[in-house]
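I opened this notebook to record what I looked up in one structure. The entries are kept in the order of my reading.

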Amino acid sequence: TADMMFTLSVDGQNHYRNFLEQGYLKFERRTTAYGKQTVGSDVAFDATTHAFWRIRHDEAIDQLVYETAPRVGGGPGTWMERGRTWRATVLSVKVELKAGTWQAEATAPGTVQFDSVKVVR
């Protein structure tokens with residue numbers, strides 16, 4: 001049940017997150033008004049196919065798009081959409097990368113490595 005997370009945090013009660021838990025890549029949004037909500041469907045994680053994770057703003061329709069891409073030549077290949085959600089008013093965000101467990105594990109969960117982070121406005 002170890003977790004690996006990439007989160008865009010607005011504050012303690014509002015965030016957008018991609019995370020890996022128990023072999024599945026998941027996508028969520030949490031807002032004060034609606035609580036935690038799943039975005040898209042859980043995906044069986046494949047380190048090759050899901051090497052890159054991204055949350056981007058589609059300005060044309062004011063939605064956040066959750067995407068993954070394989071590694072191709074050291075960078076991301078074609079991005080695949082995993083889910084969309086409308087966004088709350090966001091003036092600034094913090095990028096949060098974290099990994100760990102919240103309980104004792106019968107089997108050591110392994111090692112997490114974050115390769116790089118790119119933030120573009």
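The entries below concern pockets, a surface patch and salt bridges.

**Entry 1. The model.** I note at the outset that this is a predicted model.

**Entry 2. The largest pocket.** I looked up the largest pocket and found about 1500 Å³ of space in it. Its lining is made up of 36 residues, and F6, L8, I55, K118 and V119 are those nearest the centre. I then asked which elements give two or more residues to this lining. They are β1 (3-11), β2 (14-21), β6 (52-58) and β11. The largest share, 6 residues, comes from β6. By class, I recorded 23 nonpolar, 5 polar and 8 charged residues in the lining of the largest pocket.

**Entry 3. The second largest pocket.** I turned next to the second largest pocket, which holds about 240 Å³ of space. It is lined by 13 residues, and A2, D3, L20, P109 and V112 are the closest to its centre. Two or more lining residues come from each of β1 and β11. The lining of the second largest pocket divides into 6 nonpolar, 6 polar and 1 charged residues.

**Entry 4. A nonpolar patch.** On the surface I found a nonpolar patch of about 470 Å², made by V95, L97, V112, F114, V117 and V119. I looked up V117 in particular and placed it in the segment after β11 (94-100). Is V117 buried or exposed? V117 is partly exposed, because its relative accessible area is 47%. Two members of the patch recur from the earlier entries: V119 is among the residues nearest the centre of the largest pocket, and V112 is among those closest to the centre of the second largest pocket.

**Entry 5. Salt bridges.** My search of the whole structure gave 8 salt bridges. In one of them R84 pairs with D58, and the closest N and O atoms are 3.2 Å apart. This pair links distant parts of the chain, with R84 in strand β10 (residues 80-86) and D58 in strand β6, 26 residues apart. R84 counts as partly exposed because its relative accessibility is 30%, whereas D58, at 15%, counts as buried. R84 also forms a salt bridge with E81, where the closest N and O atoms are 3.0 Å apart. E81 is partly exposed at 41% relative accessibility.

**Entry 6. A network.** I looked up K98 and found a salt bridge with E96, the closest N and O atoms being 3.6 Å apart. K98 has a relative accessible area of 37% and is therefore partly exposed; E96, at 29%, is partly exposed. Through salt bridges that share partners, R17, E28, E96 and K98 are joined into one network.

Definitions and conventions
Residues are numbered from 1 along each chain as its sequence is written. This is a predicted model: local features need pLDDT of at least 70, side-chain atom pairs count only at pLDDT 80 or more; totals for chains, interfaces and linings use all residues. Side-chain values use heavy atoms; hydrogens and water are left out. Patches are made of residues with over 30% relative accessible area and no salt bridge: like charges are joined within 9 Å, nonpolar side chains (Val, Leu, Ile, Met, Phe, Trp, Tyr) within 5 Å. Accessible areas come from the Shrake-Rupley method with a 1.4 Å probe; for residues, only the protein chains shown count as cover. A salt bridge is a side-chain nitrogen of Lys or Arg within 4 Å of a carboxyl oxygen of Asp or Glu. Helices (H or I, at least four residues) and strands (E, at least two) are DSSP runs, numbered from the N terminus. Buried means under 20% relative accessible area, exposed over 50%, partly exposed in between (1.4 Å probe, protein chains only). On a 1 Å grid over the protein atoms alone, a cavity is a set of points where a 1.4 Å probe fits but cannot get out, and a pocket is an open set with protein on both sides within 12 Å along at least five of seven lines; lining residues have an atom within 4 Å of a point. Grid points are joined across faces, edges and corners, and a volume is the space filled by probe spheres set on the points. Ala, Val, Leu, Ile, Met, Phe, Trp, Tyr, Cys and Pro count as nonpolar, Asp, Glu, Lys and Arg as charged, and the others, Gly among them, as polar.
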